[in-house]
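Got your viewer open and a cartoon view on? Let's walk through a few helix pairs and then finish at the surface.

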Amino acid sequence: MSDWQFGSPGFLLLVLLTGPVCWLIFRNGTSLAFSSTSVFAEVNRTWRVRLAPLPNLLLLVAIVLFSIAAARPQTRDDTSRVSREGIAILLVVDRSGSMDARDLHEEYLNVNRLEVVKDVLHYFITGVDDRNQLEQLVDQAQNRITNRGRPDDMIGLVTFAGFPDSICPLTLDHGNLLQTINELELADRSEAGTAIGEGLGLAVERLRRSDVESKIIVLLTDGVNNRGELDPLVAGDLAAREKIRVYTIGAGTNGYAPIPVPNPLTGRTELQAMQVQIDEKSLKAIAEKTGGKYFRATNRDALKSIYDEIDLLEKSEVSELEYLNFQEHYEPFLVAGLLVFSLGWLLQMTLFSKFP
């Protein structure tokens with residue numbers, strides 16, 4: 001707890017009333033005239049005589065306590081957090097069949113591109129590079145208590161293959177977003193194709209409705225647009241018109257990448273070399289016209305570094321606003337004042353009552 005302070009310190013001026021009240025109480029008491037006080041010289045003063053000022057003193061104490069209560073003593077709540085006005089981020093992820101290629105993870109050929117992307121997205125959102133701590137990451141994201149990652153940003157998710165899909169709307173509930181990312185799977189054969197333009201267009205439409213001033217899209221794909229009616233460059237123009245920055249990422253090694261393919265003769269799945277085709281020209285043009293940047297990721301470490309760079313580029317857009325919470329402490333003074341006033345009034349009406 002921090003130091004004490006008063007929410008309405010002007011009420012402390014009521015304490016000055018104790019002076020006039022004291023003068024009014026003691027200015028004129030009931031008196032009798034005697035020619036000499038020697039007649040009382042031998043008279044012992046009783047406890048009632050000695051404590052006669054007590055009710056009046058209790059009244060003065062009550063006034064002080066009421067004044068303090070009205071001034072609202074309070075302390076700053078140490079649990080109050082610093083809130084930030086973050087940015088709106090839509091993650092656009094390709095989940096077409098080519099994302100099953102096994103070239104982004106250098107150590108394990110059983111890990112496809114989509115799994116690596118999911119891994120890095122966890123890191124981008126939470127700032128923790130360990131999906132084995134998923135339960136802890138979800139708790140941190142839901143409570144927004146971590147200082148790493150993007151705890152104050154509204155983040156959403158759009159995926160695409162043959163057609164786009166809004167998987168998660170813009171949200172501060174990053175725990176739910178992480179769970180959604182964790183459940184992403186490759187598109188089946190009914191969704192064959194790569195609709196980059198449609199995916200980007202859907203993301204622009206979702207961000208356009210947001211009231212957040214700063215908006216960005218991070219689009220990741222490993223292929224060439226071959227489905228959908230919306231051309232990627234036209235979608236880029238829509239993003240530029242809405243003042244949405246688009247960071248584009250081409251994922252995949254240069255040349256050929258191993259991809260699992262069923263062998264019709266043996267029925268077993270085997271890895272075969274597949275040529276990597278990424279429309280880098282369009283991705284660069286989209287990033288340039290929207291004020292973003294194009295990146296190429298050939299492995300997990302490179303992809304992680306790209307999201308690190310995007311994180312740094314967009315950190316400067318965050319402004320901090322501190323909302324202070326205070327805990328009020330006027331109740332004890334109010335209760336004490338009522339008790340003291342009641343006690344003084346009771347004593348005045350009983351033990352120390354005065355008769356004309």
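The stops below go from one helix pair to the next. Keep in mind that this is a predicted model.

**Stop 1: α7 and α8.** Select residues 196–208 for helix α7 and residues 232–241 for helix α8. The axes of α7 and α8 come within 8 Å, crossing at roughly 15°. An angle under 35 degrees counts as roughly parallel, so that is how α7 lies to α8. The crossing here is left-handed. Now show side chains: from α7, Ile196, Gly197, Leu200, Gly201 and Val204 meet Pro232, Ala235, Gly236, Leu238 and Ala239 of α8.

**Stop 2: α8 and α9.** Keep α8 selected and add helix α9, residues 280–290. These two axes come within 9 Å and also cross at roughly 15°, which makes α8 roughly parallel to α9. Is this crossing left-handed or right-handed? It's right-handed. On the α8 side, look for Pro232, Leu233, Gly236, Asp237, Ala239 and Ala240; on the α9 side, their partners are Ser282, Ala285, Ile286, Lys289 and Thr290.

**Stop 3: α4 and α6.** Clear the selection, then pick residues 113–126 (helix α4) and 174–182 (helix α6). Their axes come within 10 Å and cross at roughly 170°, so α4 and α6 run roughly antiparallel to each other. To see the contact, show Lys118, Leu121, His122, Ile125 and Thr126 in α4, along with His174, Leu177, Leu178, Ile181 and Asn182 in α6.

**Stop 4: out to the surface.** Switch on a surface view and select Trp345, which is found in helix α11, residues 330–349. Which residues join Trp345 in a nonpolar patch? Add Phe341, Leu346 and Met349 to the selection. Together, the four have about 440 Å² of accessible area.

Definitions and conventions: Residues are numbered from 1 along each chain as its sequence is written. This is a predicted model: local features need pLDDT of at least 70, side-chain atom pairs count only at pLDDT 80 or more; totals for chains, interfaces and linings use all residues. Side-chain values use heavy atoms; hydrogens and water are left out. Patches are made of residues with over 30% relative accessible area and no salt bridge: like charges are joined within 9 Å, nonpolar side chains (Val, Leu, Ile, Met, Phe, Trp, Tyr) within 5 Å. Accessible areas come from the Shrake-Rupley method with a 1.4 Å probe; for residues, only the protein chains shown count as cover. A salt bridge is a side-chain nitrogen of Lys or Arg within 4 Å of a carboxyl oxygen of Asp or Glu. Helices (H or I, at least four residues) and strands (E, at least two) are DSSP runs, numbered from the N terminus. Axes are lines fitted to C-alpha atoms, for helices over the stretch in contact, and angles run from 0 to 180 degrees between N-to-C directions. Angles under 35 degrees count as roughly parallel, over 145 as roughly antiparallel, 65 to 115 as roughly perpendicular and the rest as oblique. A crossing is left-handed if the near helix is turned anticlockwise from the far one by less than a right angle, and right-handed if clockwise. Contact means heavy atoms within 4.5 Å.
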